[in-house]
Amino acid sequence: MEIVLSSASHHAMLFAYVTQEVIGAFGADGRETIIRAVRLYGRQRGQRMAMRARIDGNPIDAFSYNLYSEWECFPGQVECVSSLEGGSFCIHYSRCPWHTEWTHLDMLEYGRCYCDYVDEAIMEGFGVTDGVLAGSRADGHATCDLRFSGKTYTREALERFEAKKLLLGERAKMPWEYHVGHLYRTLRDCIEERFGREGRRALNRALKNYGIQFGDNAKKLVLEYADLDYTKLPPYSPCREIKSPLAHIDRLVETDVLVAGGSSAAVAAAVAAAERGLDVTVLSKGKIGSSGNLLMAGGGFSLDGYSARHELGLETDDPSTGEDMLDRLIKEGFYLNDQDLTALYAEEGPASARQLLDWADAAGQEYVFLPDGTCTASGKSFTPALEQGMREHPEIRRMEDCMITEVLTNSHQVTGALALDLSRGEILLIRAKAVILATGGYQPFQNSNTVSDMTGDGQAIACRAGAELVNMEFFLGMPTALEPAAAQSSGYPFVFDFNFPDLRYRLLDRNFQPLELPQEAAKCFRDKRLSKLANSYLFFQAQENGTLTDRGGLYLDYSENDREKRRESLERFYQRFSPWHRLGYYNRELLSGMEDAVLNGRPLEVTLDYTYSMGGVQVDTQMRTAVQGLFAAGEVTSGTFGACRTEDSILEMLVQGRRAGSAAANFCERRDFRELDPQQLRSCLERHLHCLNRQDGVSPLLLFEQIQQICRAGFGLVRSEEGLKAALDELERLRLQLDELCCTHSRERIYNLEWLRAFQCENLLLCCEAGIRAALERRESRGCHMRADYPQVDHDHFLVKYLFRCQDGRLAMSAQKPRAGRRRLPAGKSDSIITYLTASGLAQQDGSEKRGPD
């Protein structure tokens, strides 16, 4: 066993033995001499600490005071907590070797001469004037408390301190023989100067007692170090010379559960984890509750009739049950659903809806329930409810205007994440036991009916961490306004579809010729959930035939209805949405031009934009991915809706968020923080900073537009082998050249849109590669995937899911049968998507239920 010759215990007992002998020999005069020596010792230590801080360019404040403290005890000797309390930075010591040793040997009365004066002296030498020893265990307090007060002591400043502390490591620490030697040197000089020969005799008696306890070698080591010059700084290289990836970390955050996202899945997950008593942090690119795709929701959510009546106490004439919903969702998903996830949606949707409604009620937010069990609202009306959920848990930490950039792992287990604080331009290292991705979907098209940053961040980040992606070829489209100009890109055409139940409408091609579905399909799918898919099919036919308008649209025509019926329908629409929109507006979009066209029988030009991606991270019913400690919830996942989403994404977010938060809490209860992988951290940071450090190249803003243009041309609504291969080749060329091409022309880090787009280009390229490769392999049409060269729905050969995972830096693809068990998988073929829908009995099912838009 190694014999320790110097430690904090040696330091404590040397002081106690010297003080005992000096006070015993010289009384009050001896005590004053000891105190003078302690003050000198402390000032010299503080001055050395300040020298190091200045060399590293750090401010003289409480954080640097803690950072350059010079000593570090052995594990278990010290229990210390740093915290921000009411604008003060506090350090609480509940255990230390000085108090332990002095108490054990009944010498605490001598120790007070050290504890009562040393901290004040170190602070004086260091140059901080806002600190005070607020309590000492030597005086009977439960903890020794250092308190620093000032406006600069913020949470962000504390995180910067933690990042510097991680980078600095032990560089500022001195060995204990140095500290013990410095203590003895200062005591000796002051005692000999005051008491001469008698003082030396007292010191010799103290050293004899020290040697009896620790041995002669320990005593010799004290004397060996006693003649150093402790007013000078030992050799010290500046912190900027450290060649470590940690040098690029601006702030360090520690949390049990990190939730990435700002909409309902993120809020539900955070609340579920916080209710279990965990430390939870929510990281969002925007304002939590006011960002993400939920803002774009055109309506509300629906429940099966039985649950609406018996679990929420609503009045409804809908006779359906949860089993009916499950059956319909699987068929409408073309059997590519993970049936367990679909069942989870149907079974836990009512409880999740109840939680949202409770939040809304507490926030004073009004929702309207229709007789069919539909909750009707505006997307922005969900914000007060989500903010209420967060308000009820103030312990949840909010980090807004921050983007997660990478999930960090070690041995296939989560260690935390990297993030970018957009408002400060800072790179954050977040240590976490579990990470929940609730970042939304991906839309690689310029025309999308979503928020503008659905760039597949969560999917790509999860895949790079080791998770699998699935169903990446499926996107849900919906009619979107091209006119009037004041409402361009509005989703009102689809909202009207559900709220003009008495109006017939037609879609006309560029020659004003009607596009028709088969009569049975048109009768049953119009103004129902399947209308999005049915209308997408009409756009598909028009594009194939070259009869879209010059802007890629069709004309929405209500002229077959008499004027009075059109007027009544408009009034009913305005009245229904009056709790959330001003009269004549929808989502702040002026509808007077639309109203004039409808009343006067003039067709309105509409296009097909994309609103939701069915592809995402593969999860199980606990929202676990293939990586231990990594969970996902909401649109970032895949499986609930298969090849076509016909129910509400709002409930998917809430159900999966609640489940992910609870599962992450279970995981954290059995885990501690894992050690970071320095090689992975270095690689990620080099990649993150590469485009900032390049001197020339192409702006990521332009590269992002190129990706969108390529996908629109070959990966859009009408797909073929030729177009998909061309798109894949173009994206592969971009991917290979991304590092060489990508360059931010601005070096400013704060709200640098180019830097943000650089991350998003990398993420979107990964998602698009997976989607296009799956679309190429799927030589059929299914759900929202429509192949001009393979129009049949082919259960015999392509009732499979295509999975992707990162392997040696590339995407590896595999095929897998959908996870079934609730409903048997079908066999055979259908001539087209519409033929499948009508033959599956969905016309009767969907026709019996009147649903509101989402």
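Q: Let's start with one residue. Is Leu167 buried or exposed?

A: Buried means under 20% relative accessible area. Leu167 has 15% relative accessibility, so Leu167 counts as buried. Keep in mind that this is a predicted model. You'll find Leu167 in helix H6, residues 155–168.

Q: How far apart in space are Leu167 and Gly196?

A: Here you set sequence separation beside the distance in space. Leu167 and Gly196 are 29 residues apart in sequence, and their C-alpha atoms are 46 Å apart. Now try another pair: Gly629 and Cys668 are 39 residues apart in sequence, with 8.1 Å from C-alpha to C-alpha.

Q: Where does Gly629 sit, and what does Gly629 touch?

A: Gly629 is in the loop between strand S22 (616–618) and strand S23 (630–632). Gly629 is buried, with a relative accessible area of 3%. Leaving out residues up to four places away in sequence, Gly629 touches Val414, Lys433, Ala434, Val435 and Phe667.

Q: Let's zoom out. What are the overall numbers for the chain?

A: Start with the parts list: the secondary structure comes to 27 helices and 28 strands. The C-alpha atoms fill a box of roughly 115 × 55 × 50 Å along the principal axes. Of the 854 residues in the chain, 61% are buried. The chain exposes about 32900 Å², and carbon and sulfur atoms supply 46% of that area. For contacts, take those with a separation of 6 or more: residues 24 or more positions apart account for 77% of them.

Q: Is Arg45 buried or exposed?

A: Check the accessible area, then look at the neighbours. Arg45 has a relative accessible area of 4%, so Arg45 is buried. Arg45 belongs to helix H1, residues 8–55. Setting aside neighbours within four places in sequence, Arg45 is in contact with Ser69, Glu70, Trp71, Tyr114, Ile122 and His182.

Q: How many residues of helix H9 are buried?

A: For a whole helix, count residue by residue. Helix H9 covers residues 264–274, and eleven of its eleven residues are buried, so it is mostly covered. Among the buried residues of H9 are Ser264, Val267, Val271 and Ala274.

Q: What covers the buried residues of H9?

A: The cover includes both strands and helices. The strands include S5 (251–260), S6 (280–284) and S13 (426–437). The helices include H12 (339–363), H13 (382–391) and H20 (649–668).

Q: How do I read a helix pair? At what angle do H23 and H24 cross?

A: A helpful idea first: an α-helix has 3.6 residues a turn, so residues three or four places apart point the same way. Now the pair: the axes of H23 (residues 721–741) and H24 (residues 753–777) come within 10 Å and cross at roughly 150 degrees. That makes H23 roughly antiparallel to H24. The crossing of H23 and H24 is left-handed. The contact residues include Leu724, Leu728, Leu731 and Leu738 of H23, along with Cys761, Leu765, Cys768 and Ile772 of H24. By type, this contact of H23 with H24 has twelve nonpolar, no polar and six charged residues.

Q: And how does H11 pack against H12?

A: Read this pair through the angle, then the hand, then the residues. Helix H11 (residues 322–332) packs on H12 at about 140 degrees, with the axes 9 Å apart. That makes H11 oblique to H12. H11 passes H12 in a right-handed crossing. Gly322, Met325, Leu326, Leu329 and Ile330 of H11 meet Gln339, Thr342, Ala343, Tyr345 and Ala346 of H12. The contact of H11 with H12 divides into seven nonpolar, three polar and no charged residues.

Q: Which backbone angles should I look at twice?

A: Most residues other than glycine have a negative phi, and most peptide bonds are trans. In this model, the peptide bond from Glu483 to Pro484 is cis, with omega near 0 degrees. Pro484 is in the loop between strand S15 (475–481) and helix H15 (492–499). For phi, Asp106 has a positive value near 55 degrees. Asp106 lies in the loop between helix H3 (97–104) and helix H4 (108–115), and at 67% relative accessibility Asp106 counts as exposed. Asp808 has a positive phi of about 55 degrees. Asp808 is in the loop between strand S26 (801–807) and strand S27 (810–816), and at 78% relative accessibility Asp808 counts as exposed.

Note on methods:
Residues numbered from 1 in each chain as written. Predicted model: local features only at pLDDT ≥ 70, side-chain atom pairs only at ≥ 80, totals over all residues. Heavy atoms only, no water. Axes fitted to C-alpha atoms, helices over the stretch in contact; angles between N-to-C directions. Helix = DSSP H or I, 4+ residues; strand = E, 2+ residues; numbered from the N terminus. Parallel < 35°, antiparallel > 145°, perpendicular 65-115°, else oblique. Left-handed = near helix turned anticlockwise from the far one by under 90°. Contact = heavy atoms within 4.5 Å. Nonpolar A, V, L, I, M, F, W, Y, C, P; charged D, E, K, R; others polar. Buried < 20%, exposed > 50% of the residue type's maximum accessible area, 1.4 Å probe, protein only. Areas by Shrake-Rupley, 256 points an atom, 1.4 Å probe, with all protein chains shown as cover.
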